[in-house]
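Trainee: Could we go through this model together? I would like to hear the reasoning behind each label.

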Amino acid sequence: MSAIFNFMIIIMVFLIAYWWSNQGFFSGLLHMAAVIVAGAVSISVWELLVWDLALGNTAFMDNYISGLSFVFVFIGVLILLRVGTDRLVPENLSLPPAIDMAGGFVTGAVAGILAVGLLLTGIGFLQRPHEFMGYKGYGRSKSGTSEITEVGAKMWLPADWLATGFYELASVTGLRPDIG
């Protein structure tokens, strides 16, 4: 895998964490919650948008509509949630500076890993060459089973694996509609 691609992923996550460390722990916590909710919403509605609404109506963007809908739903919901939380909570909490900065960095790093991982997942749905800067992502195993395995070299910071693993865990535990 390309070292440039790995550095880009790490730099993106670090910049997001650095931004939220400067904004403070509470703002970073609100942003992390917004990323988690935006990811859950985008995972739940993107297939409906693609298969029921978009693919039957236009052949113009069939190769791109899956990935673009996933990414645009995630970004749109995230923007709505961020604007909403900024309106509802206009000021930050006053915490000791060390706790504020460290807590903001940790929550920002979690939000950054999830956001970058979801964006990589959305990009994976686009019709493109299988390899992008050495990154191949995930694919079905050739044995015919439904097991999804990583193809190619591992990332230094596997944001895509961490994000999808987080939402898999959340869907089996807290997000699963277990009525029976």
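**Reasoning from values to labels**

Mentor: Happily! Start with phenylalanine 14, which has a relative accessibility of 43% and counts as partly exposed. Keep in mind that the model is predicted.

Trainee: Why is phenylalanine 14 called partly exposed?

Mentor: Buried means under 20% and exposed means over 50%, with partly exposed in between. Its value is 43%, so phenylalanine 14 counts as partly exposed. Tyrosine 18, at 46%, is partly exposed by that reasoning.

Trainee: What makes phenylalanine 14 and tyrosine 18 a stacked pair?

Mentor: Ring centres must lie within 6.5 Å, and planes under 30 degrees apart count as stacked. Here the centres are 6.3 Å apart and the planes are at 20°, so the pair is stacked. Both residues lie in helix H1 (residues 3-23), 4 residues apart, which is about one turn of the helix. Phe14 and Tyr18 also form one aromatic cluster with Phe105.

Trainee: Why is the pair of phenylalanine 166 and tyrosine 167 called edge-to-face?

Mentor: Over 60 degrees between planes counts as edge-to-face. This pair has 85° between the planes and 5.0 Å centre to centre, so the label fits. The search of the whole structure finds 6 aromatic pairs.

Trainee: Of these two, which is buried and which is partly exposed?

Mentor: Tyrosine 167 has 7% relative accessibility, so it counts as buried. Phenylalanine 166, at 31%, counts as partly exposed.

Trainee: How do you know that the length of H5 agrees with what is expected?

Mentor: At 1.5 Å a residue, its 14 residues should span 20 Å, and the end C-alpha atoms are 20 Å apart, so the two agree.

Trainee: Which residues of H5 are buried, and how do you know that they are on the same side?

Mentor: Ala159, Asp160, Ala163, Tyr167 and Ala170 are buried. They cover an arc of only 105° around the axis, and therefore lie on the same side of H5. Glu168, Leu169 and Val172 are exposed on the other side of H5.

Trainee: Where do the residues of the largest nonpolar core come from?

Mentor: That core has 18 residues, and those with the most contacts inside it include Val35, Ala38, Phe74 and Leu78. Helix H2 (25-54), helix H3 (65-88), helix H4 (97-124) and helix H5 (159-172) each supply at least two of its residues. A second, separate core of 8 residues includes Val13, Ile113, Leu120 and Met155.

Notes: Residues are numbered from 1 along each chain as its sequence is written. This is a predicted model: local features need pLDDT of at least 70, side-chain atom pairs count only at pLDDT 80 or more; totals for chains, interfaces and linings use all residues. Side-chain values use heavy atoms; hydrogens and water are left out. A nonpolar core is a set of buried Ala, Val, Leu, Ile, Met, Phe, Trp, Tyr and Cys residues joined through side-chain atoms within 4.5 Å. Buried means under 20% relative accessible area, exposed over 50%, partly exposed in between (1.4 Å probe, protein chains only). The expected span of a helix is 1.5 Å times one less than its number of residues. The arc is that of the directions from the helix axis to the C-beta atoms.
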